[in-house]
Amino acid sequence: MNQSFFRSPLAGSITAALAVTLLGACASSTDEQARSTRVASTVPYASTYSAYPGQPTALVGATIFDGEGGRIDNGTVLFADGRIVGTVPAGLAIPAGYTRIDGTGKFVTPGVIDIHSHLGDYPTPSVDAHSDGNEATDPTTPEVWAEHSVWPQDPGFSRALANGGVTALQILPGSANLTGGRSVTLKNVPSRTVQGMKFPGAPYGMKMACGENPKRVYGGRGRAPSTRMGNFAVNRQMWLDAQEYADGDRKDRDLAKETLAGVLDGDILIHNHCYRADEMALVLDMAKEFGYKVTAFHHAVESYKIADLLREAGTCSAIWADWYGFKMEAYDGIPENAALVQNAGACVIIHSDDENGIQRLNQEAAKAQADGRRMGIDIPDEQVVSWFTLNAARAMGIADVTGSLRQGKMADLVLWNGNPLSVYSRPEKVWIDGAMMFDAMDPKRRPVSDFELGQPGEGDVK
Amino acid sequence: MKALNRLMIGAALAFSAPAMAQDFAITNATVATGDGSDPVQNATVVVRGGRIVAAGSGIAAPAGMQIVDGSGRWVTPGIVATVTDLGLWDVGAVQESNDIRSGNSPFSAALDVAPAINPSSQHVLVSRAAGITRAATVSRPSSSIFGGQGALIDLGADADAVTRPRAFQLVSLGEGGGRLSGGSRVSAHALFRNALLEARNFAQGGAAISGTASRPAERRTGDDLPVDPRLADNRTERGDDVLLSRFDAAALAPVVNGSQPLYVEVERAADIRAVLALREEFPRLDLVLVGASEGWLVADAIAAAGVPVIADGLDDLPERFEQLAATQSNIGRMVRAGVKVAINAASMEQPRYLPQYAGNLVALSRMPGAAGLNWGQAFAAITSVPAEISGMAGRYGTLTAGAAGDVVIWDGDPLEVTSAPVAVYIDGVPQPLENHQTRLRDRYRDLDESDLPKAYDW
């Protein structure tokens, strides 16, 4: 049995390992100073985000989907000091000091969360100078961090907010590499720096990819991997090397190995781009072989063929509603994928992987719901809403603080002008940590990136 | 489960026999005719001999005619998708299966998709099941700024897909055309003008014809050089410097004389103005703009020129520098200015998203400061308007008397993302809605392999 099965998360963490080193060594003071610096640097590029001011607010008389499968018709949502205070039936007295917003005929959901975005690392305009999502110089690059590519001025963030109600999103490296590097989870709040967008306390993810992309990119250059078996060989050797590092004293800094050790420790979550069912099943076995967990398969157009395996593994499927046939491994995609996976008791997340799709995750979920209904799988609206809120938050490791309207969570929420599972509905207001970041009724309450200033369409409705 | 599958296979096989146009009347339905009007409730649609006889309220089904109960259903003309690549590919990234690009072809304008259309492509089948009955399909500009000649096709389950071959020519100007023509818009316009001049000359027998300049006198600023007459008029003897092959020149002849529409891919406002100005030089060009993300900035000029637009529906990002002013309100603003606008199927992942995009434009009409479309306008933008732009006014995309019997029965509002067709007719012929996806759905309805592997479940 592999040691890594028994490694305690605490003892194995990078910080703890370095701390043990400090305690165990008879170090000179300069050495200690150097090591202190190293300890401090285990949380580099830390989030500098803090919430913007908001007002205690009561959204009164709306239909509430709480993100956890709950629904309140004619309810009230209260939030204050950046936190959800509660959801109650309308008609109850609203505490003094709350701004009252009439939600009659409207809907409230948690903020939309996209688990798969490349905003910032493939920003618009999509010119070569902005192509920062794939470090396609080596098939395994666990050493790169997506946050070091994110351009906070990507106009796509504002569209995701205003049209999509997106309040948090995970930016992933691309899928050219078997192991693409660390992801970063952001609050969808404009900032001059990426640190100012980083979601406080969110764990890192690591992007992996199976199938056509890595073997095409590297096989085309006459190097491994050029086949699917090559994909696995390169990955397995990477994990073997990582285990050796993780099981050692971890003294020597190694950016790649530190990330991989973080995965083996359970601190960094695996997000694995994978389309085909048979390949996902092999990846699940690779995860068993080396003692890590696949948190979510992304794209996963064939999840419906192995929904039972995914349920048993506790692995989510982050999917489109109905993308189809654009590549060989997408030829068996079906619109009923989400419904079939949900029906089997496995976890469904609707993702975008697209700067346009991120503006309509609610509509994608509605399509997937309807396609299920037509084959006799009825999934209620309040459950479907979790596909683009709480389920995404869970797989990103932030469900304890966002993704639903539970008391005490961050006041990340959207007031829709109708049922978000209808094509005719749009976000009317969006709050992040209780601060109103978008208001369709106020032309100035929308972000405009530096890039757009002084250009045609500056500040337009978009 | 397996019994159910067999039933469905039976239905599929029944459809595989040569289907006949049916005479039928759909009653008690909500009917949208595609002409821009609002839907009408409790209405009837009558189809006979493969054509629409009547549609609307207060129409009685002819005695003895087969009646389809439309209670709770919506009935519309089939969706008309333009511009698409339907029938030209199986898998996008599988090059061998993909006839969309011809980057190494010696030909450009002469390319003609008609012989390559495969009516059995899964994308045709999937689109048909989504209610698309007609499409304009064309290959992408790749060896030149010219993409070649597009065809109008129907999506029927039969061998005769092509309704009108060589229905239009496609040219890419702007950034795309600049890249294909040698690196710049400047190059693209030179290549384009030369091609049209050569084609015009070729059409006239190749002889040198003296004549007056065909474009207005240059604006003179006093210190500029005069334009050489050979750059301006029709003295383009086919000599040693001919760039077009005979095939390409012949293919462009109907463009120059205006008998074949020219679809021009262009996004930026300045590029749109430059395209509209082409008619001063080539007055018979039958122009259609494709893309036009910044069309709203020049909407009045487009309207005044009477040039229709096949516009990207929801583009709102500066994907390229030529799209800085992109906004989802683009179509609404252009329509408000009097431009005829269809929603461009090429701007979405799959043509079957057309109703979703149209529905989004309706949603926009409720947003402060935004411009959208009302329901009738939005539905027309994916039915009658693309048909009109395709030269098929009154024939497709409408339920007016005499139009083709292309009818879709939906389980709800067709622009709502939760709705889908329950029946599709093309020329009055009921169409199969099965495809690779539906067969996979049926096989994996459950994961039970206790008797035999899934491979035996069909």
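Two residues are in contact if their C-beta atoms, placed from the backbone, lie within 7 Å. Keep that idea in mind as we walk through this predicted model.

## Chain A as a whole

In chain A, residues 24 or more positions apart account for 70% of the contacts with a separation of 6 or more. The chain holds 13 helices and 17 strands, and its C-alpha trace spans about 65 × 60 × 45 Å along the principal axes. How does its radius of gyration fit a compact globule, and what is the value? A compact globule of 462 residues would have a radius near 23 Å, and chain A, with 22 Å, agrees with that. Of these 462 residues, 59% count as buried.

## Where the chains touch

Chain A brings 45 residues to its contact with chain B, and chain B brings 44. On the side of chain A that touches chain B, the helices α4 (156-162), α9 (307-313) and α11 (361-374) of chain A each supply at least two residues. The largest share there, five residues, comes from α11(A). Sorted by class, that side of chain A has 22 nonpolar, 11 polar and 12 charged residues.

## A nonpolar core

In soluble globular proteins, nonpolar side chains tend to be buried together. Here the largest nonpolar core has 266 residues, and A:I349, B:V264, B:L289 and B:A358 touch the most other members. Helix α4 (residues 185-203) of chain B gives the most to this core, with eight residues. Look up B:A358 in the structure: leaving aside neighbours within four places in sequence, this residue is in contact with B:I343, B:A378, B:F379, B:A381, B:I382 and B:L415.

## Two helices that cross, and one that is covered

Two packed helices are described by the angle between their axes and the distance between the axes. In chain A, α6 (residues 228-247) and α7 (residues 255-264) pack at an angle of about 85 degrees, with their axes 9 Å apart. Angles of 65 to 115 degrees count as roughly perpendicular, so α6(A) is roughly perpendicular to α7(A). From α6(A), the contact uses A:A242, A:Q243, A:Y245 and A:A246, while α7(A) provides A:K257, A:L260, A:A261 and A:L264. These residues divide into six nonpolar, one polar and one charged.

In chain B, helix α2 (residues 122-129) is mostly covered, as seven of its eight residues are buried. Among the elements covering these buried residues are β6 (79-84) and α13 (436-443) of chain B. Just after α2(B), B:G131 takes a positive phi of about 100 degrees.

## Backbone details to look for

Some backbone angles deserve a closer look, and the table gathers four places.

| Place | Feature | Value |
|---|---|---|
| A:T124 to A:P125 | cis peptide bond | omega about -5 degrees |
| A:A224 to A:P225 | cis peptide bond | omega near 0 degrees |
| A:Y45 | positive phi, not a glycine | phi near 55 degrees |
| B:A292 | positive phi, not a glycine | phi about 55 degrees |

A:P225 is found in the loop between α5 (212-219) and α6 of chain A. A:Y45 is placed in the loop between α3 (29-40) and β1 (57-65) of chain A, and B:A292 in the loop between β11 (287-291) and α8 (299-305) of chain B.

Is B:A292 buried or exposed? B:A292 is buried, because 35 other C-beta atoms lie within 10 Å. A:Y45, with 14 C-beta neighbours inside 10 Å, counts as partly exposed.

Key. Residues are numbered from 1 along each chain as its sequence is written. Chains are lettered from A and ligands numbered from 1 in the order in which they are written. This is a predicted model: local features need pLDDT of at least 70, side-chain atom pairs count only at pLDDT 80 or more; totals for chains, interfaces and linings use all residues. Helices (H or I, at least four residues) and strands (E, at least two) are DSSP runs, numbered from the N terminus. The radius of gyration is taken over C-alpha atoms; the globule rule is 2.2 Å times the number of residues to the power 0.38. A residue is buried if 20 or more other C-beta atoms lie within 10 Å of its own, exposed if 12 or fewer, and partly exposed in between; C-beta atoms are placed from the backbone. Ala, Val, Leu, Ile, Met, Phe, Trp, Tyr, Cys and Pro count as nonpolar, Asp, Glu, Lys and Arg as charged, and the others, Gly among them, as polar. A nonpolar core is a set of buried Ala, Val, Leu, Ile, Met, Phe, Trp, Tyr and Cys residues joined through C-beta atoms within 7 Å. Axes are lines fitted to C-alpha atoms, for helices over the stretch in contact, and angles run from 0 to 180 degrees between N-to-C directions. Angles under 35 degrees count as roughly parallel, over 145 as roughly antiparallel, 65 to 115 as roughly perpendicular and the rest as oblique.
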